[in-house]
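Q: Hi! Could you walk me through this one from the start?

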Amino acid sequence: MVADSSIDRPLKLMVIGTLAGLFSGLFGVGGGTVIVPLLILWLAYDERSATGTSLAAIIFIAGFGAAAQGLYHNVHVLDAVLIGVPAIGGVLAGTWLQQRLPTRTISLLFAVVLVASAVELLLR
Amino acid sequence: MIAAIAIGLAAGVVAGLLGVGGGVLFVPGLVLLLGLDQHQAEATSLLAIIPVAIVGTYNQDRYGNVRRADALLLGMLSLAGAGAGVALANALSGELLRDGFAILMMLVAFQLVRRALRASRPMSDAPRHPDS
């Protein structure tokens, strides 16, 4: 089997894009959880290129999803701006802190927070 | 308004620090702290992700980590999936969607724990940037 024939590659990208779009649209997340491992597995990406390329694709995926949700009148635009713009600063700060904090301990603590929030959602 | 800004800042810090996607944090923040229903929270999260992804892409691109042609193709080819995903979400009840999302959060938590434990193997503390 040819590893990366010319038809193979766009087909794989289409499958990945479709799966990521489904996942993103269904849950309101970016879809990196789907894209990154598949780019690594199917298209032999290294982890950094997979992450970078995934981020760029997410601009479109989230854009399509938000537009589609707009048709259902579910988007709170002001809240999105109030969250999304400060989040940029947050990400920059978090990336800076990554080199300076014990991320392992924080990961474990944050996993607890995630599970607690998940339980709270389940109990609603 | 302050709560929304706080959610954005906090979610951003955690995303940058731990490599977790912003949406996984935006959605529960919008539901639990701002009182949006699950559908509204997911929709709003999608819009909020865009500025973060744009800045992230810009940063990654400076390091040559964005394969532009693939990213463009991937993005364009996601249209049908994204539309179908949104339609599916809106066909489901808020309760079911919320429970599904809670399970997704638990999976992310599990992945975080696994990654943290793997990174804690002796002597493997140093290289966060495996340049070689």
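A: Happy to, and we can take the chains, their contact and a few single residues in turn.

Q: What kind of model is this, and how are things numbered?

A: This is a predicted model, where local features need pLDDT of at least 70, side-chain atom pairs count only at pLDDT 80 or more, and totals for chains, interfaces and linings use all residues. Residues are numbered from 1 along each chain as its sequence is written, while chains are lettered from A and ligands numbered from 1 in the order in which they are written.

Q: Cool. How many helices and strands does chain A have?

A: Chain A has five helices and zero strands; these are DSSP runs numbered from the N terminus, with H or I over at least four residues for a helix and E over at least two for a strand.

Q: And how much of chain A is buried?

A: Buried residues are 52% of its 124 residues. A residue is buried if 20 or more other C-beta atoms, placed from the backbone, lie within 10 Å of its own, exposed if 12 or fewer, and partly exposed in between.

Q: Switching topic: how many residues does each chain bring to the contact?

A: Chain B brings 85 residues and chain A brings 77 residues. Two residues are in contact if their C-beta atoms, placed from the backbone, lie within 7 Å.

Q: Which helix of chain B gives the most to that side?

A: That's α3(B), with 21 residues.

Q: What does α3(B) do with α3(A)?

A: The axes of α3(A), residues 47–71, and α3(B) come within 8 Å and cross at roughly 155 degrees. That makes the two helices roughly antiparallel, a label for angles over 145 degrees. Axes here are lines fitted to C-alpha atoms, for helices over the stretch in contact, and angles run from 0 to 180 degrees between N-to-C directions.

Q: Which residues meet there?

A: Among them are A:L55, A:I59 and A:Q69 in α3(A), and B:L47, B:I50 and B:D61 in α3(B).

Q: Any odd backbone angles?

A: A:A44 has a positive phi of about 60 degrees although it is not a glycine. A:A44 is in the loop between α2 (32–43) and α3 of chain A.

Q: Is A:A44 buried or exposed?

A: A:A44 is exposed, with 11 other C-beta atoms within 10 Å.

Q: What about A:H73?

A: A:H73 also has a positive phi of about 60 degrees, though not a glycine, and lies in the loop between α3 and α4 (77–98) of chain A. A:H73 is exposed, with 10 other C-beta atoms within 10 Å.

Note on methods: Angles under 35 degrees count as roughly parallel, over 145 as roughly antiparallel, 65 to 115 as roughly perpendicular and the rest as oblique.
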